[in-house]
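I opened the notebook to record what I looked up, one topic at a time. Sheet pairing comes first, then the rest.

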Amino acid sequence: MAKSSEVVIECKDLRKSFKADLFRKTNYAVKGVNFRVYKNESFGIIGLNGAGKSTTIKVILGLIKPDSGNVKVLGKNPSSYGIREKISYLPENPNFYENLKGYEFLMFVAKLRGLRGKQAVEEVEKWLYKVGLEKEGGKMLRKYSRGMLQRIGLAQAFLGETELIILDEPLNSLDPMGRRMARDLIWEKLQGGSTILFTSHILEDIEKICDRVAIMHDGKVIQIIEVNQVDEKLEDIFLRTIREHEEKN
């Protein structure tokens, strides 16, 4: 997608630490993260386990507060009134209301997004169909397979007209057809004007979806790649960048 000059997410020297108890050393999960995401961009964050990807996303969402640094989402603090109404989110390991049916769960989400009546029904039915669960909408979520839960999670993230969609490992538990479906739906939302930030360990899919990719390692963004301006495979760039960073440090 063509990059807009409008900044949707801005992280400046973002730092976040965790401490299990008074006698343990403070562990910094994020150690000075800097990047921007622009309107209508698909921006990916990749890194090894423990690189700080999920912590960064939780700070952007306002779910946890940073120790220092600054985060702006749509020009405001993530906790500002009205900001969360403009964001949808799929966590890495989602837990849904297992006693709700798939259809009921999406209707609940639709109402949270301000949809009512016929409009809500049509939107829910549309997304059940798009994620391949049109025949499973009447089934309790506790009876869904892991892959089906991932599909219903994608449906709730894409439902409505949110400006920013944040997906943490959205391709988890999906078979090859499900991954293709997810990529197509991400592209559809981009075409509709949404901005998408997501993480994934599946670099092949990141390469196909993203305009830019940030490589995170040891709590820092160590490189940002313009995907359409490189000739190498993303996996090769990623592994070389990690290796060179570790040799220097």
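**Entry 1, a strand pair.** I started with strand E1, residues 7-18. E1 pairs with E2 in the antiparallel sense, over 9 bridges. The model is a predicted one, so I read each value as computed from it. I then picked one residue, Lys16, and asked for its bridge partner in E2. The partner is Val30.

**Entry 2, the sheet around that pair.** I looked up the strand order next. The sheet is open, has 3 strands and runs E2-E1-E4, with antiparallel pairing. Which strands sit at the edges? They are E2 (27-38) and E4 (68-73), and each of them pairs on one side only. I also took the angle between neighbouring strands of this sheet. On average they are turned by 15° against each other, direction ignored.

**Entry 3, Ser42.** I moved on to strand E3, residues 42-47, where Ser42 is found. Is Ser42 buried or exposed? Ser42 counts as buried because its relative accessibility is 0%. I checked for a polar partner. The Ser42 side chain reaches the backbone oxygen of Ile209 at 3.3 Å. I then listed contacts, leaving out residues up to four places away in sequence. Ser42 touches Leu190, Ile196 and Phe198, and also Ile209, Cys210, Asp211 and Arg212. Ile209 thus appears in both lookups, as a polar partner and as a contact.

**Entry 4, cysteines.** Cys210 from that contact list sent me to the disulfides. How many does the structure hold? The count is 0. Why is Cys11 not bonded? The closest cysteine sulfur to that of Cys11 belongs to Cys210 and lies 16 Å away, which is too far for a bond. Viewed from the other end, Cys210 is in no disulfide, and its nearest cysteine sulfur is that of Cys11. I looked up burial for each cysteine of this pair. Cys11 is buried, at a relative accessible area of 2%. Cys210 is buried too, at 6%.

**Entry 5, the whole chain.** I closed with totals. The protein chain has 7 helices and 9 strands. Its radius of gyration is 18 Å, close to the 18 Å that the globule rule gives for 249 residues, so the chain is as compact as a globular protein of that length. The C-alpha trace spans about 55 × 45 × 35 Å along its principal axes. Of the 249 residues, 49% are buried. I finished with sequence separation in the contacts. Taking contacts between residues at least 6 apart in sequence, 68% join residues at least 24 apart.

Definitions and conventions:
Residues are numbered from 1 along each chain as its sequence is written. This is a predicted model: local features need pLDDT of at least 70, side-chain atom pairs count only at pLDDT 80 or more; totals for chains, interfaces and linings use all residues. Side-chain values use heavy atoms; hydrogens and water are left out. Helices (H or I, at least four residues) and strands (E, at least two) are DSSP runs, numbered from the N terminus. Buried means under 20% relative accessible area, exposed over 50%, partly exposed in between (1.4 Å probe, protein chains only). A polar contact is a pair of N or O atoms within 3.5 Å; within protein, one must be able to donate a hydrogen and the other to accept it, and residues adjacent in sequence count only if both atoms are side-chain atoms. Contact means heavy atoms within 4.5 Å. A disulfide is a pair of cysteine sulfur atoms within 2.5 Å. Two strands pair if DSSP finds at least two bridges between them. Axes are lines fitted to C-alpha atoms, for helices over the stretch in contact, and angles run from 0 to 180 degrees between N-to-C directions. The radius of gyration is taken over C-alpha atoms; the globule rule is 2.2 Å times the number of residues to the power 0.38.
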